[in-house]
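Hi everyone, thanks for coming. Have the viewer open while I talk, and stop me if a term is new.

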Amino acid sequence: MSRREGGGHRRPEGSGFEASAWFFMRVSGVVLLGLAVFHLFWMHFVIGVENIDFNAVAGRWEGRWGPLWRLYDLALLVFALAHGVNGFRYVLEDYVQRPGRRLALKSIAYILSFLLISAGAYIIFTFDSGGV
Amino acid sequence: MIQPTNLGPRSWLSYRGGSGYLLWALHRVTGLGLLLFLALHIVDIFLLSFGPAAFEHLLVLYTSPPGRLMEIFLLFGVLFHAVNGLRIIVQDLFTKSWERRRHDRLIVVQLVVFLLIFLPAAWIMFGSFLESLS
């Protein structure tokens, strides 16, 4: 793939998987620019890491705006993981030359991200503090 | 243009290309770091399903002094990756900007924006680190 100075790739030709992946990285990048940066700002500067505990999460996910926060966190989870795994795939394409090893590493990455996205979605949908 | 490499580990450390090479390398390193943190973060949130004790047990990782220092690295990674990624998107839309002089000027803008946000925020986080020591 055609790499550029300072990161990023030239848009791949055609309308195949690589062209879609290229486009997805730009779109999800802009989405994450909002979602992830606001999440970091909110959790680290408004609330503060030292103030986060089980009750803080319960207050967020079970409060008045709970459903919206769960939706927000689900979007962040899906976009961040998909963006990250595709970026990891680019690194593998660049550095792992042997086809067998490349396929094996990609498979491990996909399986791990499937497990992570399932675990994350599971807790976002099922979290119940039991009324603390 | 930097070509895909097959030159072995030594070439990964040598400086190739122009002003964009360091940014390219940092984009990769921060990206991989963020992916690693994301995995850890999903695991710690998943621990919520085992109740308060299990969840809060792991949170010590983040409120301890080393955790507070890592927080600054996290901020660096997120901000750098965000600002650099935004520049890449802008340059994809305006292809003229790949011309060397414009490219270098954009990089200066990017670094100023990054530092204007990073330095005060990191200063606040460094304060939390000092507090966590006492």
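I'll go through chain B, then the contact between the chains, then the core and one helix.

Quick housekeeping: this is a predicted model, where local features need pLDDT of at least 70 and side-chain atom pairs count only at pLDDT 80 or more, while totals for chains, interfaces and linings use all residues. Residues are numbered from 1 along each chain as its sequence is written, and chains are lettered from A and ligands numbered from 1 in the order in which they are written.

So, chain B. It has 5 helices and 0 strands; helices (H or I, at least four residues) and strands (E, at least two) are DSSP runs, numbered from the N terminus. Of the 134 residues in chain B, 20% are buried. Buried means 20 or more other C-beta atoms within 10 Å of a residue's own, exposed means 12 or fewer, and partly exposed is in between, with C-beta atoms placed from the backbone.

Now, how many residues does each chain bring to the contact? Chain B brings 41 residues and chain A brings 34 residues, where two residues are in contact if their C-beta atoms, placed from the backbone, lie within 7 Å. On chain B's side, the largest share, 15 residues, comes from helix 2. By class, that side of chain B has 26 nonpolar, 11 polar and 4 charged residues. Here Ala, Val, Leu, Ile, Met, Phe, Trp, Tyr, Cys and Pro count as nonpolar, Asp, Glu, Lys and Arg as charged, and the others, Gly among them, as polar.

On to the core. A nonpolar core is a set of buried Ala, Val, Leu, Ile, Met, Phe, Trp, Tyr and Cys residues joined through C-beta atoms within 7 Å. The largest one has 19 residues, and A:A80, B:V78 and B:L79 have the most contacts inside it. Helix 4 of chain B gives the most to this core, 7 residues. Leaving out residues up to four places away in sequence, B:L79 touches B:F114, B:I117 and B:F118.

Find B:A121 in helix 5 of chain B, residues 100–133. Is B:A121 buried or partly exposed? B:A121 is partly exposed, because 18 other C-beta atoms lie within 10 Å.

Last stop: helix 4 of chain A. Its buried residues are A:S113, A:L116, A:G120, A:I123 and A:I124. They pack against helix 3 of chain A together with helix 2 of chain B.
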